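Me: I am new to this structure. Can you teach me how to read a sheet?

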Amino acid sequence: RLRDAKTAFLSGGDGGRQAALPRFADAVLEEFLDLPRGWWQKHTAVEERFTLVSNRRGGSRLRPDRVLFAGGDPNSPRLLVVFDPGSRRLGIGRSRQVYADLVELLRGTGVSVGLMTNGEQFRLVYAGLDFDCSVEWEVARWFEDALGREQLAGFVALCGQSMMLPDGDEAFP
C-alpha cells in the first residue's frame with residue numbers, strides 16, 4: 001500500500017504533485033505509521049496557538065500543515081508537520097527557509113519535534129532552545145533493497161508510535 005501511495009503521488013493525478021502531497025503524507029503518517037486520523041488537526045482546523053508571526057521576513061505567518069496529538073488529546077501536541085511541495089531537495093535553496101521556519105515554529109509553540117516533507121524526502125527535526133538537529137529519509141530508498149528497508153524501519157521507529165510515549169518517557173527529550 002505504501003508503494004501504491006508513492007506511485008500515486010509521483011503521477012500527480014488531477015491536481016499535480018502539489019495537490020497529491022497531502023494525500024501521500026496522510027498515507028504515510030496515518031496508514032503506514034498507524035497514527036489514527038482522529039489524532040490530527042489538519043489544514044484550517046489547526047488551532048491558532050500553533051500559528052506564529054515570524055520575527056524575520058517582515059512578520060509572515062508560520063503555520064504547520066498538520067499537528068499530531070498523543071491519543072488525540074489537544075493538550076498533548078507531539079509533532080508539527082510542514083509540507084514543502086515546491087522543493088526538489090529538502091533544505092536546499094528555497095527549502096532552507098522552510099526548514100528555518102519550521103525550527104522557529106517549533107521553538108515558538110513549545111512543540112520540540114517537527115517533520116517536513118516534499119514527498120520525496122521526510123526530515124524529522126528536533127529544535128532545542130539554541131540548537132536543532134535532524135535526520136532525513138529518501139522515500140525512493142525504502143523500496144530498493146535491504147538497506148532501504150532498514151532505513152524504513154528507522155523511520156517507523158522514530159516517527160511511529162514512539163511519538164506517543166507519555167511525557168517524561170519521550171523518544172526525544
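Reply: Let us go through the sheet step by step. Keep in mind that this is a predicted model.

Me: Where do I start? In what order do the strands of the open sheet lie?

Reply: Start with the strand order. Here 6 strands form an open sheet, and the order is β1-β4-β5-β6-β7-β8. The pairing is mixed.

Me: Which are the edge strands?

Reply: Look for strands that pair on one side only. In this sheet they are β1 (40-42) and β8 (132-138). From one strand to the next, the twist averages 20°.

Me: Which way do β4 and β5 run, parallel or antiparallel?

Reply: Follow the bridges. Strand β4 (residues 66-69) and β5 run antiparallel, joined by 4 bridges. One partnership to find is phenylalanine 69 with proline 77 in β5.

Me: And how do β5 and β6 run, parallel or antiparallel?

Reply: They run parallel. Again 4 bridges do the joining, between β5 (residues 77-83) and β6 (residues 113-117). Valine 81 has leucine 115 of β6 as its bridge partner. Phenylalanine 83 has threonine 117, also in β6.

Me: Through which helix does the chain cross from β5 to β6?

Reply: Trace the chain out of β5. It passes through helix α3 (residues 95-109) and then enters β6. This β-α-β crossover is right-handed.

Me: Where do side chains point in a strand?

Reply: In a regular strand they alternate between the two faces of the sheet.

Me: How many residues of β5 are buried?

Reply: Count those under 20% relative accessible area. In β5, 6 of the 7 residues are buried, so defined. The strand is mostly covered.

Notes. Residues numbered from 1 in each chain as written. Predicted model: local features only at pLDDT ≥ 70, side-chain atom pairs only at ≥ 80, totals over all residues. Heavy atoms only, no water. Pairing = 2+ DSSP bridges. Helix = DSSP H or I, 4+ residues; strand = E, 2+ residues; numbered from the N terminus. Axes fitted to C-alpha atoms, helices over the stretch in contact; angles between N-to-C directions. Buried < 20%, exposed > 50% of the residue type's maximum accessible area, 1.4 Å probe, protein only. Right-handed = clockwise from strand over helix to strand, strands pointing away.
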